Structure formats: structure tokens, C-alpha cells
Amino acid sequence: MKKITTLLLALFLLSSCTTPINVNEATTTQPVFMSTENIVTGYTEVIPLIYDDARPFSDGLAAICIDDKWGFIDKNGKEVIPCKYEWVDSFVDGICLVGVRENSVKVNRFGYIDKTGREIYPFINEYVFSPPPGDRCLKNLICDGMLKIYTDGKWGFADYSGTEIIPPLYDKALSFSDGMAAVYTMGKWSYIDKTGEVVLTVNYDNVESFYEGLAAVCVNDKWGYIDKNGTEIIPCIYEYADKFENDIAGVSKNGEATYSDGFINKSGEFIFEPQYNLMVTFDNQYFARFSEGLVAVENADGKFGFIDTKGRLTIDFLYDSVSAFSEGMAGVRKGGLEDGAWGFVDKNGEEIIPCVYSHINSFQEGVTAFSLGGNINSKYILLNKNGERIVPPIYSYISDVSEGMAVVQSEYEGKMGFIKLL
């Protein structure tokens, strides 16, 4: 595998660089610098492509899979947690949820480990991860200094040391946010603090977590907002209501969970009069959310543009699809799903990267991964914000860059490893 990657890389360099490369010296751990017009910098293949599957680095460790077993490596490629788990999540705050299989075709025991592999909470979490779509209890299992635990059909909480703080007593439990967690038992919702004491009992059919001092609540299929005293600050008149973020929340009266009528402030007033047909959503969220001060909207002709928090159209309706802004850039597509192509615009609407790519990711750490074709044999590249290639098309997959590194997949054997950007 290492020889194949080295040979491909060397051949590419021989055909495109102004200075010849010695094939025997182009090892997988040497920096590769490009000097052609559209390839401007380099990368290093720091961890060999030997894994069946791999995920980007998080909290200093990356999940890797060999023979259907998952473990973790550090940035030197050292296996710090052996490949012995059937399922793993990513590390958050130095803790990771992992799963094992016991006498079952499904992964049916879950526990938490630290970055040394030490089990900080025993494998008694019996929740099989095949819940109904959108089960909120599975979100943010590690959050705000608390771990969600589950056994005998009930939810509770432990602290980051693995000490059980709140016993598993609840049929449902949302994550801690603003120092409180919503829990459901005996047909009633309430909010508890981190000692397990009930600090607020509410009479609503459904609730969400508190964000910026307000929580969305629902009665008779209509949503509104309460404060931490339980006072209904914004009446339950909406079909859907998003969380508050930067003092703004998306709300909808039209009965479509994928569209929003507009955005309200904490007084329940629209921050600008709704004037566009639809608000698009990203990342499977119910509502569009402002990202870096802009949000995408759709006109009556099905074209997308962007508005600011004053409702002013800042980028015209020119595109057939768009993504949210990230690091000052937003993905835009011209054409349909089958024949369209993606590029990027900046906040002024200037098309920085032309719409010529079949697949894009958001910018992360100054770069983005592109697919050069729309089929299984397509190659991936990495581009910077000037549209310059910094990794050539020799990999069949490149992940988002995280902590300066990205997962790459070889073309022929399908194995995965890691590159580091220089």
C-alpha cells in the first residue's frame, strides 16, 4: 500500500512540477510541495494508509478500525487504545462513549472511557442504538460536565469522573444546558439541577432545553417559550420553535418542520418582517440559523440567496442550492442535483471558487475537500480559500481537516490513513 501511494505521488509530481522528484526519495512521510500554478503548498502523509476505516481527530485522538474493531491512535500514529470495541463515538472533553457486543447481533453494552482507555463508567448502559429517528435523549451525551447514563429503561447522570450523581430514574432526559436538564417521568416534564433537585415543574406536553435563559415548550401541538421561573414569555402559537442563539430564534407557523416563517427576539417580536417563501435548513436542523451573520433564503422561483439580521438581501437569488457560511465562505450550487456543480462565495457574494465541483464540504481550518467527479471513481482534492489545490487528486476520499490533519483513503486498496497539512 505504501509503495502504491508513493509511486502514484511520484508520477504526479514528475508530470506537474518544475523540478523533477527522485522516486526513490518520495516516501510517504516526506513533505510534498507543488509548484504548478494551481498547487501551491504541501502536505505530509504522516500515518500510513493501513486502516479499514478512520475518523478525523477530536480532542487529540482519532478513531480507527481494523477487522471490525475500533480503537484510537494519537497524532504520531501510536495506538493508545486497542481496537477492541464494536462501536465508538468521538472524544469530547477527554471522554468517549464506546460500545461492545454481548451475546447479541447488536451492540448492546455502552460505557465511557477516558483517553488512556480506562473505563470511567461500567458497561451497563443497555441502550441499543436503534431508537426512533430524532430521539433527543441521544444528543450531547457528554455535555456541561455531565454524562448521560441509561439502564433498565431509565436515564440518569454521572459526572466526568464516572461517579453516579443522579440515579437512572427518568423515562426521558435531555442534556444539561444553562445548568438545568429537562427530565420526564410519570407523564410530567420538569427541570432538575446538577444535584438532581427539581427546580422547575411545568405543565406542557413537550419541552426543550434552556438556551440563553429561555426554553421552547409545547402544548396542543403549539410551541412557545418560558423563562427559568416557568413564566410563558412568548405564547405557544407556533408550529415549531427553535432554540435561541445570539438572542434570535427561528419560528414557523406554516406547519413545515423544514421551513421557518422568520426570526423573533426574546420579546417575541420578528426582527424583520418575513418576506421570503422559505428558509432553508442545514445539518438536519429544523430551522435555518444565522451563521456568521447571514442566513439563506429562497424566492418564489426556487433560487437561493442570503440575508442579514436586518432582513436585507446581501447575496442575490442566483443559486439552486446553498450551504451555510463557515469561515467566511458559503457553498453554492448552479444547476440541478444530477447536473449541477458547486463552488464558494464570500460574504460580498463574490464567487471565489467557481462552480465546477460535484461535491464540497464546508471550510474547516482554512481548507475544504472537493470531489472532482460524481461517481465512485472520483478523486478528492483540498483547496484553500484562493481556490488553489494543496493536495493533488490521488485519494478516493479526503475528510474535513480537524486539528491540522485529515483522513485520506487510497484509490486501489480502500485503506485509510492520515495526512498533515504544512
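Two strands pair if DSSP finds at least two bridges between them. That rule underlies the pairings in the views below, which show a predicted model.

**View 1. The whole protein, a predicted model with one helix and 40 strands.** The protein has 422 residues, and 49% of them count as buried. It exposes about 19600 Å². Carbon and sulfur atoms supply 48% of that exposed area. Take the contacts with a separation of 6 or more: residues 24 or more positions apart account for 33% of them.

**View 2. The hairpin of β34 and β35.** Strand β34 covers residues 359-360. It pairs with β35 in the antiparallel sense, over two bridges. One residue pair to find here is His359 and Ser371: Ser371, in β35, is the bridge partner of His359. Six residues lie between the two strands. Glu365 sits in this turn and has a positive phi of about 55 degrees.

**View 3. Strand β35, residues 367-371, under cover.** Is β35 mostly covered or mostly uncovered? It is mostly covered, with five of its five residues buried. Val367, Ala369 and Ser371 point one way from the strand. Thr368 and Phe370 point the other way. Residues on both sides are buried.

**View 4. β35 beside β36.** Strand β36 spans residues 380-384. Its pairing with β35 is antiparallel and runs over five bridges. Which residue of β36 stands opposite Val367? Look for Asn384. Val367 is also one of the buried residues of β35.

**View 5. The open sheet β19-β20-β21-β22.** Four strands make up this sheet, in that order, with antiparallel pairing. β19 (206-211) and β22 (232-238) are the edge strands, and each pairs on one side only. Neighbouring strands are turned by 15 degrees against each other on average, direction ignored. Within the sheet, β19 and β20 (residues 214-219) pair over four bridges. Phe210 has Ala215, in β20, as its bridge partner.

**View 6. The largest nonpolar core, with 22 residues.** The residues with the most contacts inside this core are Tyr112, Leu147, Phe157, Ile166, Phe176 and Ile192. Several strands each supply at least two residues of the core, among them β8 (95-100), β9 (109-114), β10 (119-125) and β13 (154-159). Which strand gives the largest share? That is β12, with four residues.

**View 7. Phe176 and the residues it touches.** Leave aside residues up to four places away in sequence. Phe176 then touches Cys143, Asp144, Met146, Phe157, Ile166, Ala181, Ile192, Asp193 and Lys194. Apart from the core of Phe176 lies another core, of 16 residues. Its members include Tyr43, Val391, Val408 and Leu421.

**View 8. Lys310 in a loop.** The loop lies between β28 (304-308) and β29 (313-319). Why does Lys310 count as exposed? Its relative accessibility is 59%, and exposed means over 50%. Lys310 and Leu294 are 16 residues apart in sequence. In space they are 9.7 Å apart, C-alpha to C-alpha.

Conventions
Residues are numbered from 1 along each chain as its sequence is written. This is a predicted model: local features need pLDDT of at least 70, side-chain atom pairs count only at pLDDT 80 or more; totals for chains, interfaces and linings use all residues. Side-chain values use heavy atoms; hydrogens and water are left out. Buried means under 20% relative accessible area, exposed over 50%, partly exposed in between (1.4 Å probe, protein chains only). A nonpolar core is a set of buried Ala, Val, Leu, Ile, Met, Phe, Trp, Tyr and Cys residues joined through side-chain atoms within 4.5 Å. Contact means heavy atoms within 4.5 Å. Accessible areas come from the Shrake-Rupley method with a 1.4 Å probe; for residues, only the protein chains shown count as cover. Axes are lines fitted to C-alpha atoms, for helices over the stretch in contact, and angles run from 0 to 180 degrees between N-to-C directions.
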